[in-house]
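Trainee: I should like to understand how the descriptive terms applied to a structure follow from its computed values. May we go through them in turn?

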Amino acid sequence: MLKKTAIEKISQLAAVLMEKGTLLAPVKEVAGHNFAEINDPQKVDLNFYNTIISPKGAFFPPKEDFIKYKIGKTITEAEQIKVDSKPVFLFGVRPCDVKSFSIMDIHFNAAGIIDPYWSQRRKATTIFGYAYDLNQPVDAADFYNSLGIYAADPEGSDIFMVKKDKDLLLKGITPKGEELLAQLNTLVDAGKDDEKYYEETLKKGKEYKTRFLCIDQDVIAKKLEAVFNNNDFWTKVSSACLSCGACTFVCPNCYCFDICDDTIFGKGTRRRVWDACMFTDFTLEASGHNPRTQVYQRLRQKINHKYSYHVKKYGVISCVGCGRCTRSCPVNIDIYSIVEEALKL
Amino acid sequence: MSDNNPYIPMPVQIAKITNEVDTNDIKTFRFTFLNKEDEEKFKYTPGQFGELSIYGKGESPIGIASSPTELGYVEFTVQRAGTIVPGLVTAALHDLDEGAQIGLRGPLGNSWPIEFLENKNIVVVGGGFAFTTLRSLINYMLYKDNRKRFGEITVVYGARNPGLLLYKDELAEWEKRDDIKTIITVDKGNETWKGREGFVPAVCKDTAPSPKDAVAVICGPPIMIKFTLPVFFELGFSKENILTSLEMRMKCGIGKCGRCNVGSQYVCKDGPVFSLAELDQLPRDF
């Protein structure tokens, strides 16, 4: 089923989705666009390249509350916090970011113990993928083609959206998406020429080229393993790194978290919060021992975890080439270039 | 764990506290479960650990010191941390009295590979405080129904001085038994110490356990491990037959939070027990 709406009427679609559940969509902020919960349908803004922070927070929020407790009360009086089971609509997600969810699914939703929070949020959410605008130039930081992802890839979306001049085309991909699409009465049926445009866009998406590094994931995984002890290399590529962790916070595939107790005036919350392997105390043990005191050791951990360890453990690189880490880095460190350099060793 | 949410601790009560050492900073806590169903679900194997949980302080991953053959409770031997990094949970725990309630998550991690150890001669080597999950293993093997499943058992256990030996009463019991060879040593004795003096590596060399059908299970401070391993290599133990338990900073304990990642392994989930052959496959990043 292919439907359409005028982009200037997007707020009407947003209003309908807000009636049905929680709407997360790109909004314009001071520094650029980010996904946010929509309270005012006029705020939805599809005039963006990609968001500064990835949409992973829809399933893995920066803060996830586990338990509320009171100091002085017994443990049995602590109150477990349930995840809201209201339907969620995640609107306007770029194909590389949609792909990141399926990679995170392996870790949180398939391997070993299932993470109840990720799993419940994922189940409650309908994903509206959104093709990159093929008439706009590719950002120099992007390299999702290297990871086998294309600019107009509908895979993983429930509904996939393509911009056609002043219109937005919406295609049902999964049964869940088809069902929802049929209920959205602000949309109209698309015509034959729209069908053709949609199909052509998907095809043309393959020709919309990002930077490309020929990555055979097993080759790169083994290479990084082999150069692990090459301290000269790691020192060189990390020499500018401030260890600020910005790259990990914007990343759609970084999932390290901390669990902490936040108490104020005798009342507290145990929650998990995003954490980063780039921070000095990340691996600091109670004994005082810390295996990663040096910046190069932490940057090496970040890159190897994504491109080597993750491949060995889960069979897939934990990166989608969205380019956010490169765009956000205050000292212009580029993970793509480091991998490229490593391959030359 | 309530509602099968692996992040929510189950309530336990401190049934007994044993002060293990002269310095008063290592205590064994015996916990009983507040809910019968939690006790039934907490099925563990020696070598596993649990997350001790105190709201307002946090959680600490601690090896299980009791044996699963001991029913109705679970024990953890905990050192008060804090000389270098402030140990909020362990300090709070040390300040609690019998009867207090805390949280527990687990059992977590892999374990000493019991099936692999069966029908083999077991050499247990421990140093200082790192004897807790070894105690669990020894008591498990010594349990009347289990003893025949294992060959000869040799234990070499050392501490810096007699006051720092853990489980002193049990050590004395083991020394009396003829189905386990127990060798206790201290780096330096005192006026009342009648036992052996000497470092663990040297004592292992003197003891010279045969590598034939044998597995060595070694836990201790890095310096002890460093000098003990060459002794076992010289005796002819292969890397597949030397096991140890790894330390890494942990949070979730279930292989999700990424903190204890070393190479392709999460120490909390894929470990903490590894053979030396397995450790050779990992980057030296721990």
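**Terms and their grounds**

Mentor: Let us begin with a strand pair: in this predicted model, strand β11 (residues 214-219) of chain B and strand β12 (residues 242-245) of chain B pair in the parallel sense over 2 bridges.

Trainee: What makes β11 and β12 of chain B count as a pair?

Mentor: Two strands pair if at least two bridges are found between them. β11 and β12 of chain B have 2 bridges, so the criterion is met. Within this pair, B:V217 stands opposite B:L243 in β12(B).

Trainee: Which sheet of chain B holds these strands, and what is the order?

Mentor: The sheet is open, with 7 strands in the order β10-β9-β8-β7-β11-β12-β15 and mixed pairing.

Trainee: Why do β10 and β15 of chain B stand at the edges?

Mentor: Each has a single partner strand, so one side of β10 (196-197) and one side of β15 (273-275) remain without a neighbour in the sheet. Helix α4 (residues 132-142) of chain B packs on this sheet and touches β7 (121-127), β8 (153-159), β11 and β12. The direction of α4 makes about 150 degrees with that of β7(B).

Trainee: Why are helices α6 and α7 of chain B called roughly parallel?

Mentor: The axes of α6 (residues 200-207) and α7 (residues 222-235) of chain B come within 8 Å and cross at roughly 20 degrees. Angles under 35 degrees count as roughly parallel, and α6(B) is therefore roughly parallel to α7(B). Their crossing is right-handed.

Trainee: Which residues make the contact between α6(B) and α7(B)?

Mentor: α6(B) contributes B:V200, B:P201, B:C204 and B:K205, while α7(B) contributes B:M224, B:F227, B:T228 and B:V231. These residues divide into 6 nonpolar, 1 polar and 1 charged.

Trainee: How many residues does each chain give to the contact of chain A with chain B?

Mentor: Chain A gives 39 residues and chain B gives 37. On the side of chain A, β4 (63-70), β11 (257-264), β12 (267-274) and α9 (295-314) each supply at least two residues. The largest share, 6 residues, comes from β11(A). That side of chain A divides into 21 nonpolar, 11 polar and 7 charged residues.

Trainee: What are the domains of chain A?

Mentor: The domain assignment gives domain 1 (2-52 + 83-205) and domain 2 (217-257 + 275-344). Their centres, taken over C-alpha atoms, are separated by 29 Å. The contact between them takes 19 residues from domain 1 and 16 residues from domain 2.

Key:
Residues are numbered from 1 along each chain as its sequence is written. Chains are lettered from A and ligands numbered from 1 in the order in which they are written. This is a predicted model: local features need pLDDT of at least 70, side-chain atom pairs count only at pLDDT 80 or more; totals for chains, interfaces and linings use all residues. Axes are lines fitted to C-alpha atoms, for helices over the stretch in contact, and angles run from 0 to 180 degrees between N-to-C directions. Helices (H or I, at least four residues) and strands (E, at least two) are DSSP runs, numbered from the N terminus. Angles under 35 degrees count as roughly parallel, over 145 as roughly antiparallel, 65 to 115 as roughly perpendicular and the rest as oblique. A crossing is left-handed if the near helix is turned anticlockwise from the far one by less than a right angle, and right-handed if clockwise. Two residues are in contact if their C-beta atoms, placed from the backbone, lie within 7 Å. Ala, Val, Leu, Ile, Met, Phe, Trp, Tyr, Cys and Pro count as nonpolar, Asp, Glu, Lys and Arg as charged, and the others, Gly among them, as polar. Domain bounds come from an automatic or database domain assignment.
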